[in-house]
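Reader: I would like a close look at a single part of this model, the place where the two chains meet, and then at whatever else helps to put that part in its setting. Please take it slowly and keep the pieces connected.

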Amino acid sequence: MSERAPTLVIDRASVAYGDVPVLEELDGVVHEGEAVALIGPNGAGKSTLIKALLGLVPVVRGRIEVLGTTPAQARRDVAYVPQADTLDPDFPVSVEQVVMMGRYRRIGWLRRPSAADRAEVAGALERVGLAARARDRFGTLSGGQRQRVLLARAIAAGPRMLLLDEPFNGVDAVSQHALLEAIGSLKEQGASVVVSTHDLAIAHLACDEVCLLNRHQFGFGPTGDVLTPERLRATYGGHALELRGDRVIVTQT
Amino acid sequence: MIFFEPFQLPFMARALAELVVLGALAGTVGVLVLLRRLAFVSDTLTHTVFPGVVIGHLMAGDGGVFWGALAAGVVTAVLLTLLTARRRVSEDAALAVLLTTLFAAGVVLVSRQTGFTSDLTAFLFGRVLTVTEEQLAQTAVVTVLVVALLAVLRRPLLLRAFDPVGARAAGVRVGLLDLVVNVAVALVVVAAVKAVGTILVIALLVVPAAAARSLSERLVVIVPLAALLGAAAGWLGLVASYEASIGYGLRLASGATVVLVLVGLYGLAHAAAFARRRAGLGRARRRTAPDDLDVLEAA
């Protein structure tokens, strides 16, 4: 994979909210078509790293380069998928409208959405398996379906990099499968994917690389190499148990 | 016909135009207040515009009211945007302090005038029957300006209301956008000073949008419906207060009557939504019943 172009370069980067450092001394490289899982306990700084990749939290030392430029300048080609349950389920907006939001940057403020925009929206909904729900109100869908709608919104934006914040939390098996499929097809098209998750099985299944985080970096590299019992125990600070030598469960996230 | 006849009098026609335009404007902006959950921020703005009204009146009489309100509205909209930009636990308390401080300052200023209770009542609750053509024109200009602004910014406004982090990630300048919203709310308060006063305008900002939301799930319906309900309440409220005073010798303050009519419409909207939900449930039950039987028979 290393002949592919790097899309994300993190070089001794530290990230801080004001004077409070959240993440220190991160290092790593992600290439086109690769997915990296951010793994660590709650409060480890996974969401903060995603916000730093969007240029919403400043890098105070070192360097983060996204798609060959600064995170803020790369935003046009980066799509962000929030956790569905952080959004108001009473909001009067249809599934289709939410996905169309992914096209806003291309449509601009005044122009009406073109036939091409509508086709992108329909195609994105198709890819997450929710074309039949286009006209329903967003809040009437299940949590997993709402998460898929938000992924469709990101797909409709045509991103070169996709950032997903805990997309598998509280998601049913059908939706999890649909999310994994859609992420896989985006990777095949050459997009890089960064996904934060608690779920080590999903990291194994969907990601080429893993970044173990808990304020500091406890490993960054190919999934098989990094997800070792020793490193997980170090990352989770004793809340990880070993099972049968090669498998680990995390007892407290 | 009691719904049209009073408006042959020029002062009633001006009052009607003022209330209908204002109702439509407040209804439209109110949808944004509803989506962003800004009712308390809006209430704060209604109170912080008040000292501007008083100072404008002290400096230049009736003609100064609009400009004083405008200055206070814009300044406090900026202050509020800065204050609410940082998510702090004490945000509510900070708003309450700002609200009461500026409101009290306004009352102190107006109380230095002779005959101040009459002025105070006019500033707080409006005096729509004395609306002049100049004030009508000011309301119209504010309305066109605010509605055009919201129409142009509708996409970033919607995205920011629905998903604030997603909006920032998509490059929306959220701070600037929030300032625009607060200024729009302040402008509604400024436009409302003459017709319903600074206090009652909160009802115009909150109630039509809430009523429209209970009737529809779609913004393309909610926005015009809220504007229509606001305008209708202005009209019906004015007719009611006129009829009460001419026909029955009851003097009803027109601004407050408009608000009560609005609350009545809100009640009707909820009743209609409730009836429709019950009918919908009944239909759904009838639809599912045969399916259940099919399942039983198949088993």
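Author: In this predicted model, the contact between the two chains draws 18 residues from chain B and 16 residues from chain A. On the side of chain B that touches chain A, at least two residues each come from α8 (154-162), α9 (164-169) and α11 (219-248) of chain B, and among the contributors α9(B) gives the most, with four residues. By character, the residues on this side of chain B divide into ten nonpolar, six charged and two polar.

To place these helices in chain B, one can turn to the UniProt record, an unreviewed entry, which annotates "transmembrane region" over several spans of chain B, among them 165-189 and 219-240. Two other spans that carry this annotation in the record are 12-35 and 195-212 of chain B. In the model, residues 12-35 of chain B are 100% helix and 0% strand, with the end C-alpha atoms lying 34 Å apart, while residues 195-212 of chain B are likewise 100% helix and 0% strand, their end C-alpha atoms being 23 Å apart.

The partner, chain A, has a secondary structure of ten helices and eleven strands. A compact globule of 253 residues would have a radius of gyration near 18 Å, and chain A, which has 18 Å, therefore agrees with that expectation. Taken along the principal axes, the C-alpha atoms of chain A fill a box of roughly 55 × 40 × 40 Å, and 47% of the 253 residues in chain A are buried. Of the contacts in chain A between residues at least 6 apart in sequence, 65% join residues at least 24 apart.

Within chain A, one element that can be followed strand by strand is an open sheet of three strands, arranged in the order β2-β1-β4 with antiparallel pairing. Its edge strands are β2 (20-31) and β4 (59-66) of chain A, each of which pairs on one side only, and neighbouring strands of this sheet are turned against each other by 15° on average, direction ignored. Strand β1 (residues 6-17) of chain A pairs with β4(A) in the antiparallel sense over six bridges, and for A:Val9 the bridge partner in β4(A) is A:Glu65. Helix α1 (residues 46-53) of chain A lies across β1, β2 and β4 of chain A, and this helix runs at about 65° to β4(A).

Key. Residues numbered from 1 in each chain as written. Chains lettered and ligands numbered in written order. Predicted model: local features only at pLDDT ≥ 70, side-chain atom pairs only at ≥ 80, totals over all residues. Rg over C-alpha atoms; globule rule 2.2 N^0.38 Å. Buried ≥ 20, exposed ≤ 12 C-beta atoms within 10 Å, placed from the backbone. Contact = placed C-beta atoms within 7 Å. UniProt positions renumbered as here; feature names shortened; annotations may be inferred. Pairing = 2+ DSSP bridges. Axes fitted to C-alpha atoms, helices over the stretch in contact; angles between N-to-C directions. Nonpolar A, V, L, I, M, F, W, Y, C, P; charged D, E, K, R; others polar.
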